[in-house]
Amino acid sequence: MAMAAIRREGRRFTPLVSSPNPTFNAIRSTLAPSEEQIGLGVRSISTQIVRNRMKSVKNIQKITKAMKMVAASKLRAIQVRAENSRGLWQPFTALLGDTPSVNVKKNVIVTISSDKGLCGGINSTSVKISRALHKINAGPDSECKYVILGEKGKAQLIRDSKKDIELSMTELQKNFLNYTQVSVIADDILKNVEFDALRIVFNKFQSVVSFLPTTSTVLSPEIVERESEAGGKIGDLDSYEIEGGETKSEVLQNLSEFQFSCVMFNAVLENACSEQGARMSAMDSSSRNAGDMLDRLTLTYNRTRQASITTELTEIISGASALEG
């Protein structure tokens, strides 16, 4: 029984145990593997290692479940405001139009991304569309610059387009998003960036599991007036009467700035809503994967433990039979 207790503590104690009976020592030496045998490839999985890994996976699963619940609560709060904000920019689109195919010299791409990760491919999608727009609009007779909102979009675009980044802002969602905050950001962009066309890239929220990459185009007052005189898609602008002492150029200036702030407000809310939905789906998938991994580790732990018990019983029975003989 003393030998069995020693074997339960671990085989590393085996060389430390001695007995006055030489026959018993010879039997023990044949049953316990030597250090040379272990070094030559006799391997066994420690139940303690498996237990520690199971504990780590359980902790990760708890974290992902908590992050999923937090994302769900934030999604419900932002979704209603994002849907209500769609009514702000629609009248301006009906009046001033949204012409992504307009040919101008100074293009500015406003890429809206998130500050945090763990939300699927939402940021990579915005960056890919921004790079494609930059490739289309950049040329010998035209220039194309970036304005980046969010840390993740900045980290990706700075690798190959550092010289084209005109302005970058981060931590937009650190405080509660409202129109005043977004209008200050829009005013900062209008003051520091020269443009003929602003192309806003964001992800429009559709459902928890899907979002639609979207591009909205806001033209400068000069380009709006030029397109209106050319009789394009916004050629009906002259059918409206202007009251007051303001000229047509001043009215277009005010409308263009207000349109940009409204489109930005909706774009930031839509992207934030899509971010929380994508994070909710990603954390749900991570929790399920952690559960599957935990099941596999539990099976491995049970098999290892059963094999260890069987080995100990075999050694005890073999030792007792040898002593009786």
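A: A cavity is a set of grid points where a 1.4 Å probe fits but cannot get out. Keep in mind that this is a predicted model.

Q: How many cavities of 30 Å³ or more does the count give?

A: Two cavities reach 30 Å³ or more. The largest holds about 80 Å³ of space. The second largest has a volume of about 50 Å³.

Q: Which residues line the largest cavity?

A: A lining residue has an atom within 4 Å of a point. Here the lining consists of W89, T93, G97, D98, F202, S216, T217, V218, Q259, V263 and N266. Three elements each give two or more residues to it: α4 (47-96), β5 (210-219) and α9 (248-324).

Q: How do the residues of that lining divide into nonpolar, polar and charged?

A: The lining of the largest cavity has four nonpolar, six polar and one charged.

Q: What lines the second largest cavity?

A: Its lining is made of I112, S113, D115, G150, L172, Q173, L177, V268 and N271. By class, that lining has four nonpolar, four polar and one charged residues.

Q: Now pockets. How much space lies in the second largest pocket?

A: A pocket, by contrast with a cavity, is an open set of points. The second largest pocket holds about 490 Å³.

Q: Which of its lining residues lie nearest the centre?

A: The pocket has 20 lining residues, and K74, K116, Q173, K174 and Q276 lie nearest its centre. Q173 also appears in the lining of the second largest cavity.

Q: Which element gives the most to the lining of this pocket?

A: α4 does, with seven residues. Both α4 and α9 supply at least two residues each. By class, the lining of the second largest pocket divides into eight nonpolar, four polar and eight charged.

Q: Turn to the nonpolar core. Which residues touch the most other members of the largest one?

A: A nonpolar core joins buried residues through side-chain atoms within 4.5 Å. The largest core has 35 residues, and V110, I112, L149, I189, I200, F260 and M264 touch the most other members. Elements giving two or more residues to this core are α4, β1 (106-112), β2 (143-149), β3 (165-169), α7 (179-192), β4 (197-207) and α9.

Q: Which element gives the most to this core?

A: α9 gives the most, with ten residues.

Q: Take one member, M264. What does M264 touch?

A: Leave out residues up to four places away in sequence, and M264 touches V110, I112, L149, V182, I185, I189 and I200. One of these, I112, also lines the second largest cavity.

Technical notes:
Residues are numbered from 1 along each chain as its sequence is written. This is a predicted model: local features need pLDDT of at least 70, side-chain atom pairs count only at pLDDT 80 or more; totals for chains, interfaces and linings use all residues. Side-chain values use heavy atoms; hydrogens and water are left out. On a 1 Å grid over the protein atoms alone, a cavity is a set of points where a 1.4 Å probe fits but cannot get out, and a pocket is an open set with protein on both sides within 12 Å along at least five of seven lines; lining residues have an atom within 4 Å of a point. Grid points are joined across faces, edges and corners, and a volume is the space filled by probe spheres set on the points. Helices (H or I, at least four residues) and strands (E, at least two) are DSSP runs, numbered from the N terminus. Ala, Val, Leu, Ile, Met, Phe, Trp, Tyr, Cys and Pro count as nonpolar, Asp, Glu, Lys and Arg as charged, and the others, Gly among them, as polar. Buried means under 20% relative accessible area, exposed over 50%, partly exposed in between (1.4 Å probe, protein chains only). Contact means heavy atoms within 4.5 Å.
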